[in-house]
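Got your viewer open? Here is a short tour, one selection at a time.

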Amino acid sequence: MQFEAHPQRILLPVNVFFMTFTILFALLFNLLPWRDITGVPDLLALVLVFWGVHQPRKVSVGVAWGLGLVMDVSNGALMGQHAFAYAILAFAANALSRRLLWFPQWPQALHVLFMLLGCQLIMLTVRLAAGSPFPGVLYFLGSLICAGLWPLTSMLLLAPQRRPESVDENRPI
């Protein structure tokens, strides 16, 4: 399959405070009380995948594990359920980061969809092993919505890095 070439820009270094703000914003979004609503996207998982792909040295498995423990404690879920799933998700994002960046946005979204489905499948397996009932097929709707949000997430989270540091008319980049 041949993908059309799209122009690449040299990005500015990521601001660690911006990265931390986006992770905390996604965490606060997940902590809102919509546990019973079907199809709510797991924004924390999406942001972890994004920063795991674009900044694999800064968002590691340990960061994902810690955020997963925060999610477990705040939701009253089985301890380690989110932590285990987010750690494997961060590992997959770090491992696939170089490969994923070669693709345009929608093929990237397809890769992200499978990573998020795997994350939800891990959480579901832990829940089922603990004796919870199967929540139904619509449980996986959040991953589909997150994958659809991938191009928008990429555009928004890379916007601060795309600004030119200084405008030089003799330099095309």
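Start with a cut-off you will need at several stops: a residue is buried under 20% relative accessible area, exposed over 50%, and partly exposed in between, using a 1.4 Å probe and protein chains only. What you are looking at is a predicted model, in which local features need pLDDT of at least 70, side-chain atom pairs count only at pLDDT 80 or more, and totals for chains, interfaces and linings use all residues. Residues are numbered from 1 along each chain as its sequence is written, and side-chain values use heavy atoms, with hydrogens and water left out.

**The whole chain**

Switch to cartoon. The protein has seven helices and zero strands, so no sheet colouring is called for: helices (H or I, at least four residues) and strands (E, at least two) are DSSP runs, numbered from the N terminus. Buried residues make up 40% of the 173 residues. Take contact to mean heavy atoms within 4.5 Å. Among contacts with a separation of 6 or more, 67% are between residues 24 or more positions apart.

**Pro-56**

Select Pro-56, in the loop between helix 2 and helix 3. Is Pro-56 buried or exposed? Neither: with a relative accessible area of 31%, Pro-56 is partly exposed. Not counting residues up to four places away in sequence, Pro-56 touches Trp-51, Asn-94 and Ser-97. Now draw a distance from Pro-56 to Arg-98: they are 42 residues apart along the chain, and their C-alpha atoms are separated by 9.6 Å.

**Helix 1 against helix 3**

Next, show residues 16-31 (helix 1) and 61-75 (helix 3), whose axes come within 11 Å and cross at roughly 20°. Axes here are lines fitted to C-alpha atoms, for helices over the stretch in contact, and angles run from 0 to 180 degrees between N-to-C directions. Helix 1 and helix 3 are therefore roughly parallel to each other; angles under 35 degrees count as roughly parallel, over 145 as roughly antiparallel, 65 to 115 as roughly perpendicular and the rest as oblique. Turn on sticks for Ile-23, Leu-27, Asn-30 and Leu-31 of helix 1, and for Leu-67, Val-70, Met-71 and Ser-74 of helix 3, to see the contact.

**Helix 6 against helix 7**

Move to residues 105-129 (helix 6) and 141-162 (helix 7), which pack at about 140° with their axes 8 Å apart. This pair is therefore oblique. Which residues of helix 6 and helix 7 meet? Among them are Trp-106, Val-112 and Leu-116 in helix 6, and Ala-147, Gly-148 and Trp-150 in helix 7.

While you are on helix 7, pick Thr-153. At 12% relative accessibility, Thr-153 counts as buried. Beyond its neighbours within four places in sequence, Thr-153 is in contact with Leu-46 and Phe-50.

**The core**

Last stop: the largest nonpolar core, with 39 residues, where Leu-44, Val-49, Trp-51 and Tyr-86 touch the most other members. A nonpolar core is a set of buried Ala, Val, Leu, Ile, Met, Phe, Trp, Tyr and Cys residues joined through side-chain atoms within 4.5 Å. Helices 1, 2 (43-54), 3, 4 (81-95), 6 and 7 each give two or more residues to this core, and helix 2 has the largest share, ten residues. Finish by centring on Val-49: leaving out residues up to four places away in sequence, Val-49 touches Leu-89, Ala-93, Val-112, Met-115, Leu-116 and Trp-150.
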